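Please open the model in your viewer and keep the selection tool at hand, since each stop of this tour begins with something to select.

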Amino acid sequence: MMVGMRILVIGSGGREHALVKGLSADPKSTEIHAAPGSAAMSALATVHPDYSQVDDADRMVELAQSIAADLVVIGPEVPLVAGVADALRAAGIAVFGPSKEAAQIEGSKAFAKDVMEAAGVKTARAEQLRPGAPEEEIEAALDRFGPQFVVKDDGLAGGKGVVVTPDLAAARAHVDAVLAAGNPVLLESFLDGPEVSLFCLVDGETVVPLLPAQDHKRAYDNDEGPNTGGMGAYTPLPWLPEDGVQRIVDEVCAPVAKEMARRGTPYSGLLYAGLAWGEEGPAVVEFNCRFGDPETQAVLSLLKSPLAEALHATATGTLSELPPLEWEDGFAVIIVMAAEGYPASPRKGDAISGAALDDPQRVLHAGTVHTDGAYRTAGGRVLSVLGKGATLADARADAYATVDGIEFAGGFVRRDIGKRAEDGEISL
């Protein structure tokens with residue numbers, strides 16, 4: 001690949017901050033831009049706050065051309081599902097991110113189920129309810145599920161469109177809310193077993209896995225409270241079998257990539273598989289068409305290979321020629337510091353204090369703004385705090401030591417990220 005690439009990262013959250021951090025440390029990328037980016041990214045990249053409409057394909061093409069970008073990396077799902085990658089490719093620009101059609105693997109859960117069925121991939125049994133469904137149809141569908149109900153908004157919901165509950169009334173309330181918003185609902189059978197997140201670089205039928213991670217979706221300790229976009233993660237997984245990653249590739253990611261290619265919509269970019277590992281092995285909970293947040297921050301922090309080289313190879317159809325990825329020994333843990341009221345109605349505008357706020361190696365900004373010389377909260381997941389260590393216990397202690405030096409009114413964290421794995425309580 002070329003040396004001295006100009007790279008544009010689209011997005012402004014913690015995931016994009018992690019991408020900018022990784023790319024800026026890569027000697028093969030000498031000029032990094034972010035749109036719209038954030039104040040916290042400005043020390044690592046040229047930010048373009050005027051380009052905040054990341055799903056506006058014309059504006060993204062305009063910016064990429066104006067800076068003569070050699071590679072565009074699309075972080076969030078919204079511009080991917082809107083077809084921004086297609087517009088950039090049509091303009092002759094290399095893009096890391098799938099086409100609009102291929103991004104339906106995340107944009108439509110029903111589409112993903114259809115692909116998995118054709119590919120022979122294990123997943124939960126599912127039924128779809130569409131807006132306008134009669135009362136008796138809704139009740140009959142719910143009767144066929146439980147006692148643990150899984151109710152999903154069949155569209156993009158930022159990781160917060162899923163309700164998992166034993167309470168029939170709560171399940172019905174979510175069904176009604178999603179249908180009232182004009183979206184289809186997917187009812188699924190509950191998949192038991194510990195969860196695994198696996199990111200894979202995919203170029204047609206070539207699949208290169210990254211390190212496995214585990215996210216913590218519930219808002220509060222002991223997996224209590226509502227589902228969120230993710231409250232923290234750790235990598236790698238000490239309880240996963242030695243052949244666990246290869247099994248996921250062979251049984252899930254490679255068959256899906258092959259099926260997408262067979263359909264004439266080959267996948268190019270990052271395929272995220274969220275799985276539950278039960279008695280029969282891995283089964284798919286969901287797919288994402290981009291790096292997941294907060295696992296990205298932990299996984300990329302351990303990557304020794306040049307990130308720009310890997311993303312560029314994926315974008316240009318040369319992933320099969322990429323040397324094997326190299327990783328640091330040890331563990332990484334990410335702790336999300338969330339705003340009061342998250343995920344339902346996060347409070348904004350509170351001042352954030354802490355000596356580590358400007359340390360991009362330890363603190364990644366997601367929902368912050370910088371005004372009057374200070375950082376303030378501007379979203380639900382405010383900061384992602386990284387810890388690393390030779391053991392999972394060391395990495396957890398490192399992360400929480402930084403967390404304890406940062407304050408903002410009403411902020412909260414989970415104190416048990418990676419704790420069950422540290423204590424040896426997870427097994428297959």
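A residue is called buried if its relative accessible area is under 20%, exposed if the value is over 50%, and partly exposed in between. Keep in mind throughout that this is a predicted model.

**Aromatic pairs**

Begin with Phe96 and Phe291, one of the 4 aromatic pairs that a search of the whole structure finds. Their rings are stacked, with 6.1 Å from centre to centre and 25 degrees between the planes. The pair links distant parts of the chain, for Phe96 belongs to strand β5 (residues 95–96) while Phe291 sits in the loop between β16 (281–288) and α10 (295–301), 195 residues apart. Phe96 is buried, with a relative accessible area of 2%, and Phe291 is buried too, with a value of 4%.

Select next Tyr220 and Phe412, whose ring centres lie 5.8 Å apart with the planes at 50 degrees, so this pair is tilted. Tyr220 is found in strand β12 (residues 218–220) and Phe412 in the loop between α12 (392–403) and α13 (419–422), so the pair ties together parts that are 192 residues apart in sequence. Is Tyr220 buried or partly exposed? Tyr220 has a relative accessibility of 39%, and therefore counts as partly exposed, whereas Phe412, at 19%, counts as buried.

Now add Phe199 and Tyr272 to the selection of Phe96 and Phe291, and you will have one aromatic cluster on the screen. Two arginines are also worth a look beside aromatic rings: Arg59 lies over the face of Tyr51, at 4.0 Å from the ring centre, and Arg125 lies over the face of Phe145, at 4.3 Å from the ring centre.

**The nonpolar cores**

Move on to Leu88 and Phe287, the residues with the most contacts inside the largest nonpolar core, which has 78 residues. Helix α9 (residues 244–262) is the element to colour here, as it gives the most to this core, with 8 residues. If you centre the view on Phe287 and leave aside its neighbours within four places in sequence, you will find it in contact with residues including Ile105, Met116, Val256 and Leu271. A second, separate core of 43 residues includes Tyr272, Val299, Ala310 and Ala332.

**A sheet of four strands**

Which order do the strands take in the open sheet of 4 strands? The order is β6-β9-β7-β8, with antiparallel pairing. Select β6 (126–129) and β8 (162–165) to see the edge strands, each of which pairs on one side only. On average, and with direction ignored, neighbouring strands of this sheet are turned by 20 degrees against each other.

Between β6 and strand β9 (residues 185–188), which run antiparallel, there are 4 bridges, and Glu127 can be seen opposite Leu187 in β9. Then show helix α6 (residues 109–119), which lies across β6, β7 (149–153) and β9 and runs at about 45 degrees to β9. Helix α7 (residues 135–143) also lies across β6, β7 and β9, running at about 165 degrees to β6.

**A last stop in a loop**

Finish at Ile67, in the loop between α2 (57–66) and β4 (71–74). Ile67 has a relative accessibility of 11% and so counts as buried. Apart from neighbours within four places in sequence, Ile67 is in contact with Arg6, Leu8, His33 and His48. The C-alpha atoms of Ile67 and Leu8 are separated by 8.5 Å, with their positions 59 residues apart along the chain.

Terms used:
Residues numbered from 1 in each chain as written. Predicted model: local features only at pLDDT ≥ 70, side-chain atom pairs only at ≥ 80, totals over all residues. Heavy atoms only, no water. Phe/Tyr/Trp six-rings, centres within 6.5 Å; stacked < 30°, edge-to-face > 60°. Helix = DSSP H or I, 4+ residues; strand = E, 2+ residues; numbered from the N terminus. Buried < 20%, exposed > 50% of the residue type's maximum accessible area, 1.4 Å probe, protein only. Lys NZ or Arg CZ within 6 Å of the ring centre and 35° of its normal. Core = buried A, V, L, I, M, F, W, Y, C linked by side-chain atoms within 4.5 Å. Contact = heavy atoms within 4.5 Å. Pairing = 2+ DSSP bridges. Axes fitted to C-alpha atoms, helices over the stretch in contact; angles between N-to-C directions.
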